[in-house]
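Hi,

Here is the structure I promised to pass on. Have a look at it first, and then read my notes underneath.

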Amino acid sequence: MKENQEELEKELKDIQQDLEVDTEAAEDSGVSEVEVENVEIVNLKADLEEMEDKFLRARAEIANMANRGKNEREQLQKYRSQDLAKKLLPSIDNLERALATEVSDEQGASLKKGVEMVLEGVRFALKEEGIEKIPAKGETFDPMLHQAVQTVPASDELPADTIVEVLQEGYKLHDRVLRPTMVIVAQ
């Protein structure tokens with residue numbers, strides 16, 4: 001801002017010096033004083049318009065910078081949980097695998113119940129931050145959300161491009177994919 005003001009002041013001084021030189025040249029050439037003043041008025045108006053244009057451009061640039069900064073802050077706030085979520089996803093996978101195991105005794109069942117409670121707590125915290133699973137099984141394959149690792153032949157029951165099985169859950173944060181869902185697709 002100070003740089004723009006200093007630049008404008010410098011240009012104003014240059015214009016004043018040019019006007020003094022023009023006035024002296026007009027007096028030396030024998031042109032009337034009224035004509036000199038008219039020329040000076042025209043020059044000053046042109047300079048004023050130029051300065052106003054520069055001022056408006058500087059004001060617009062400042063407004064653009066403020067808007068850009070605001071948008072960047074909003075994006076940072078919206079996606080602040082991204083890195084943490086990516087680090088937690090393997091742990092969530094391990095907790096889900098632990099829940100998939102069969103237990104035969106009471107101690108194993110209570111341990112499994114504790115793991116289930118921990119997993120639910122983590123899922124709730126992720127949901128509060130805007131992180132959710134990407135729907136997959138039975139859905140149409142979308143390469144932006146899903147990663148096909150295997151295909152099976154399509155049939156009447158399984159139309160082409162339908163997800164048959166989920167191998168690893170995918171997650172997204174608002175509209176950003178953190179990890180695509182690894183799936184088997186009917187082709």
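Below is what turned up, going from the whole chain down to single residues.

First, a caveat: this is a predicted model.

**The chain as a whole**

The protein chain has four helices and six strands. Reading along the sequence you get α-α-α-α-β-β-β-β-β-β, with the helices ahead of the strands. Of the 187 residues, 20% are buried. The accessible surface comes to about 13,900 Å², and carbon and sulfur atoms hold 53% of that. If you take the contacts with a separation of 6 or more, 64% of them are between residues 24 or more positions apart.

**Salt bridges**

How many salt bridges does the structure hold? The count is eight, and I'll go through a few of them.

Asp53 pairs with Arg57, with the closest N and O atoms 3.0 Å apart. Both sit in helix H2 (residues 33-78), and because they are four residues apart there, about one helical turn separates them. Asp53 is partly exposed at 35% relative accessibility, while Arg57 is exposed at 58%.

Arg68 and Glu61 also form a salt bridge, at 3.8 Å from N to O. Arg68 is partly exposed, with a relative accessible area of 45%, and Glu61 is partly exposed too, at 40%.

Then there is Arg179 with Asp93, where the closest N and O atoms are 2.7 Å apart. This pair links distant parts of the chain: Arg179 belongs to strand E5 (residues 176-179) and Asp93 to helix H3 (residues 82-100), with their positions 86 residues apart in the sequence. Are the two partners buried or exposed? Arg179 has a relative accessible area of 14%, under the 20% cut-off, so it counts as buried. Asp93, at 6%, is buried as well.

Elsewhere, salt bridges with shared partners tie Glu96, Glu120, Arg123 and Lys133 into one network.

**A charged patch on helix H1**

Which residues gather in a patch of negative charge on the surface? They are Glu3, Glu6, Glu7 and Glu9. Glu6 lies in helix H1 (residues 2-29) and is exposed, with a relative accessible area of 53%.

**The loop between E2 and E3**

Two neighbours in this loop are worth a click. Asp161 lies in the loop between E2 and E3 and has a positive phi of about 65 degrees, although it is not a glycine. Why flag that? Most residues other than glycine have a negative phi. Asp161 is partly exposed, at 34% relative accessibility.

Thr162 is in the loop between strand E2 (146-152) and strand E3 (163-168). Unlike the partly exposed Asp161, Thr162 is buried, with a relative accessible area of 13%. What does Thr162 touch, leaving aside its neighbours within four places in sequence? Its contacts are Gly138, Glu139, Ile184, Val185 and Ala186. For one of these, Ala186, the C-alpha atom is 5.5 Å from that of Thr162, though the two residues are 24 apart along the chain.

**Around strand E5**

His174 is another non-glycine residue with a positive phi, here about 55 degrees. You'll find His174 in the loop between strand E4 (171-173) and E5, and it is partly exposed at 36% relative accessibility.

Arg176 is in strand E5, the strand that also holds Arg179. Arg176 is partly exposed, at 35% relative accessibility. Setting aside neighbours within four places in sequence, Arg176 is in contact with Gln75, Tyr79 and Gln82. Of these positions, Gln75 falls within the residue range of helix H2 (33-78), and Gln82 falls within that of helix H3 (82-100). Arg176 and Ile131 are 45 residues apart in sequence, with their C-alpha atoms 9.4 Å apart in space.

If you want a short tour, begin with the Arg179 and Asp93 salt bridge, go on to Arg176 in strand E5, and finish at Asp161 and its positive phi.

Cheers

Key
Residues numbered from 1 in each chain as written. Predicted model: local features only at pLDDT ≥ 70, side-chain atom pairs only at ≥ 80, totals over all residues. Heavy atoms only, no water. Patch = residues over 30% accessible without salt bridge, like charges linked within 9 Å, V, L, I, M, F, W, Y side chains within 5 Å. Areas by Shrake-Rupley, 256 points an atom, 1.4 Å probe, with all protein chains shown as cover. Salt bridge = Lys/Arg side-chain N within 4 Å of Asp/Glu carboxyl O. Lys, Arg positive; Asp, Glu negative; His and termini not counted. Charge placed at Lys NZ, Arg CZ, Asp CG, Glu CD. Helix = DSSP H or I, 4+ residues; strand = E, 2+ residues; numbered from the N terminus. Buried < 20%, exposed > 50% of the residue type's maximum accessible area, 1.4 Å probe, protein only. Contact = heavy atoms within 4.5 Å.
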